[in-house]
Number of protein chains: 2
Amino acid sequence: MFLMKWLEWRFLILSHAFEIYAGIIAFIFTGLGIWLAMKLSKPKIKVVTIEKEYSGSRESFAINQEALTQTGISARELEVLELMATGLSNQEIAQRLFVSLSTIKTHSSNVFFKLEVQRRTQAIEKAKRLGIIN
Amino acid sequence: MFLMKWLEWRFLILSHAFEIYAGIIAFIFTGLGIWLAMKLSKPKIKVVTIEKEYSGSRESFAINQEALTQTGISARELEVLELMATGLSNQEIAQRLFVSLSTIKTHSSNVFFKLEVQRRTQAIEKAKRLGIIN
DNA sequence: TGAAAAATCAGACTAAAGTATGAGGGCTTG
DNA sequence: CAAGCCCTCATACTTTAGTCTGATTTTTCA
């Protein structure tokens, strides 16, 4: 019975050799078509437009990074700048970051230099305008 | 000659019938593959954020006036506060308003008292938060 | 692994900022 | 017209901010 079954299979394959071959070709070239389309077509871009009340959270985040690298302000300096903008004194910032007053003064001085300003109020104003703090 | 050429063609087609058929299949299914890829590929979603011209002009103006009267800050004091927020020093504010440094110090001291803060940076932060300056 | 950048700190100094007190003049309002 | 508010100014003082110099340690990166 097993043998007969096998012969039946064999007969099927032989009598339909052309169809099987065509099927294989069809399959392979379908794959080729898909690959071609993937490779050569420009990626589809679906544009989703979201209207937003101006508050500038996402946009300012993008500007944020660019302007930030532009100024060359380091992570720690940014931290100091942010606390500065909340109205804290150097002493308070020092306590909050567990460092000395000298360190905060150095950081803030560097920030002022990098932002090309003289005072902390100017630094805050410019930093907000550039979008590197919110 | 024409006839012979035609016969030659015919012979070619007959003797290569299978290859031609396979070629047609390949071509068709390549097309199918491309179509499939086009149809089924997920489009990349690009999010475009458009900021609407801010609609809260009336509202913030209202808050402005109310909070301002609440604090009891006078017109001159507000003027000083606004210049302060732009990053000017007391000396610069004095020169701009054609008054003495002492006067600006008095004004700013009054502003700090009325806003219940100690430093100019805090005053600026709070004034912006309350919407009495922008 | 060695140089550059970043973070830390100190001391000494100058410049602003902020406080406190007092005082004079202008303006409105009951 | 006196009381109250606002604007002005001064002086004296304390505190905070900011600069400069120089140094050590940590981190980062080629």
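Residues with under 20% relative accessible area are classed as buried, those over 50% as exposed, and those in between as partly exposed. The structure described here is a predicted model. At 24% relative accessibility, Arg119(B) therefore counts as partly exposed. Arg119(B) forms a salt bridge with Glu92(A), with the closest N and O atoms 2.8 Å apart. This pair crosses between chains, running from helix H5 of chain A to the loop between H6 and H7 of chain B. Glu92(A), at 31% relative accessibility, is likewise placed in the partly exposed class.

A search over all chains of the structure returns 10 salt bridges. One of them joins Glu77(A) to Lys114(A), where the closest N and O atoms are 2.8 Å apart. The two residues are 37 residues apart and link distant parts of the chain, Glu77(A) lying in helix H4 and Lys114(A) in helix H6 of chain A. Glu77(A) counts as buried because its relative accessibility is 5%, whereas Lys114(A), at 27%, counts as partly exposed. A further salt bridge is formed by the side chains of Lys126(A) and Glu116(A), at 3.9 Å from N to O. Here helix H7 of chain A is linked to the loop between H6 and H7 of chain A, the partners being 10 residues apart. Glu116(A) is exposed, with a relative accessible area of 65%, while Lys126(A) is among the buried residues of H7(A).

Helix H7 of chain A spans residues 120–130, and its buried residues also include Arg120(A), Gln122(A) and Ile124(A). The cover over these buried residues is drawn from both chains: it includes helices H4, H5 and H6 of chain A and helices H4 and H7 of chain B. Gly131(A), which follows H7(A), has a positive phi, near 80°. In H4(A), the buried residues include Glu77(A), Leu78(A), Leu81(A) and Met84(A). Gly87(A) follows H4(A) and also has a positive phi, near 100°.

DNA strand C is surrounded by 18 residues, the closest being Ser74(A), Val99(A), Ser100(A), His107(A) and Arg120(B). These 18 residues divide into 3 nonpolar, 10 polar and 5 charged. Of the strand C atoms within 4 Å of the protein, 70% belong to sugar or phosphate and the rest to bases. Polar side-chain atoms lie 2.4 Å from a phosphate oxygen of strand C for Ser74(A), 2.9 Å for Arg76(A) and 2.8 Å for Ser109(B). Two or more residues of the surface near strand C are given by each of H4 and H6 of chain A and helix H6 of chain B. The largest share, 4 residues, comes from H6(A).

Methods: Residues are numbered from 1 along each chain as its sequence is written. Chains are lettered from A and ligands numbered from 1 in the order in which they are written. Side-chain values use heavy atoms; hydrogens and water are left out. Buried means under 20% relative accessible area, exposed over 50%, partly exposed in between (1.4 Å probe, protein chains only). Contact means heavy atoms within 4.5 Å. A residue is near a molecule or strand if one of its heavy atoms lies within 4 Å of it. A polar contact is a pair of N or O atoms within 3.5 Å; within protein, one must be able to donate a hydrogen and the other to accept it, and residues adjacent in sequence count only if both atoms are side-chain atoms. Ala, Val, Leu, Ile, Met, Phe, Trp, Tyr, Cys and Pro count as nonpolar, Asp, Glu, Lys and Arg as charged, and the others, Gly among them, as polar. A salt bridge is a side-chain nitrogen of Lys or Arg within 4 Å of a carboxyl oxygen of Asp or Glu.
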